[in-house]
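Hi,

Here is the structure I promised to pass on. Have a look at it first, and then read my notes underneath.

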Amino acid sequence: MGKSRRLADIDLNLLVALEALLSERNVSRAASKLDRSQPTLSAALGRLRRLFDDELLVRQRGSYRLTPFAADIHPAVVSALEEVGKVLGVPAEFDPETSRREFTVMTSDYVLHVLGGPLLKSLMERAPAVKLQLLNAPRVDADRAGELLRETDGLILPPGILGMTSNAEIFTDRWVGVADRDNAAVDGSLDDSAMRELRWVRSYREQFEVVVGDPAWSSFWLGDRGMFVVESMTSLPGIIAGTELVAVVPSRLADTAPLPLKTFSLPRPLPQLAEHFWWDAARESDPGHKWLRGLLAECAAALPQET
């Protein structure tokens with residue numbers, strides 16, 4: 001784009017569309033954010049590509065990524081739109097009662113079990129047309145984390161899995177042992193030696209050490225009597241019922257298991273489980289995203305206290 005191009009030749013509405021497209025990295029989601037049709041945003045993307053002589057969004061493995069040019073101008077676009085709003089006296093708005101925006105949050109089956117019901121109930125009451133996708137969070141590594149945060153509205157995961165980025169604590173829980181009600185091996189007081197004799201099943205492979213906040217925990221108890229791994233926290237009560245297996249789970253999961261289980265105290269207490277909501281810094285000032293963050297915090301604050 002030549003330096004002689006005058007601002008008067010540029011439609012200011014394109015700046016709004018550009019910010020939504022760069023933030024959402026998806027035409028449909030950008031259209032939802034702006035309460036516009038997909039063809040409208042597709043047409044805007046075409047105009048922006050001609051204006052900048054750059055593709056801006058490039059399809060890759062079923063999703064979109066920003067071109068280097070688009071990634072470079074993204075922070076400036078967000079700032080420029082905020083400044084234009086201040087100059088024109090147009091406050092940033094998000095009306096949950098009328099918005100048809102779609103949010104996407106990735107998390108674990110445990111968080112979905114605890115928070116999913118209250119969150120969806122609140123959305124139905126306060127934002128009847130807002131859509132929400134609660135997706136299973138894959139195994140996250142440092143290289144993939146940034147991409148996931150850019151492609152979604154955020155992830156709910158414990159600290160230690162993601163690197164430094166915008167986040168807020170949502171809720172906490174404590175760890176308890178669970179066993180079948182008739183498992184005599186966990187009657188009475190258990191010390192480290194007795195714990196090592198138990199048959200353990202745990203979740204999430206090596207990431208579990210990060211989740212419990214103590215990478216050395218397995219050396220305390222797992223012993224040599226066998227150990228099983230499943231990729232689902234919420235499946236553990238059903239797996240344990242009727243067997244000699246035991247597991248460590250958050251207390252809210254143990255309290256809601258409709259099975260003949262019992263809990264037992266751990267002789268070596270584990271650090272508290274903390275679930276945080278993580279998001280890309282580019283969404284920090286987004287009014288809709290602010291509203292979503294507030295709703296998550298409100299729903300979590302209303303959860304029953306862990307026992």
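Below is what I found, starting with the whole chain and then turning to one helix and its surroundings.

Please keep in mind that this is a predicted model. The chain has 12 helices and 12 strands, and 47% of its 307 residues are buried. Of the contacts between residues at least 6 apart in sequence, 77% link residues at least 24 apart. The exposed surface comes to about 15600 Å², with carbon and sulfur atoms supplying 53% of it.

Now to the interior. In soluble globular proteins, nonpolar side chains tend to be buried together. Here the largest nonpolar core holds 51 residues, and Leu 115 and Val 249 have the most contacts inside it. Leaving aside residues up to four places away in sequence, Leu 115 touches Ile 156, Ile 170, Leu 296, Cys 299, Ala 300 and Leu 303. There is also a second, separate core of 23 residues, which includes Leu 21, Val 27, Leu 41 and Phe 52.

Leu 115 is worth a look for another reason: helix α5 has a kink of about 50 degrees there, shortly before Pro 118. Even so, α5 (residues 109-126) reaches 24 Å from its first C-alpha to its last, close to the 26 Å expected. Among the buried residues of α5 are Tyr 110, Val 114, Leu 115 and Leu 119.

One last spot is Pro 304, in the segment after α12. Its C-alpha lies 9.9 Å from that of Val 114, although the two are 190 residues apart along the chain. Val 114 is buried, whereas Pro 304 counts as exposed because its relative accessibility is 61%, and the cut-off for exposed is over 50%.

Best wishes

Conventions:
Residues numbered from 1 in each chain as written. Predicted model: local features only at pLDDT ≥ 70, side-chain atom pairs only at ≥ 80, totals over all residues. Heavy atoms only, no water. Core = buried A, V, L, I, M, F, W, Y, C linked by side-chain atoms within 4.5 Å. Buried < 20%, exposed > 50% of the residue type's maximum accessible area, 1.4 Å probe, protein only. Contact = heavy atoms within 4.5 Å. Helix = DSSP H or I, 4+ residues; strand = E, 2+ residues; numbered from the N terminus. Expected span 1.5 Å × (residues − 1). Bend = angle between axes of the 7 residues up to and from the residue. Areas by Shrake-Rupley, 256 points an atom, 1.4 Å probe, with all protein chains shown as cover.
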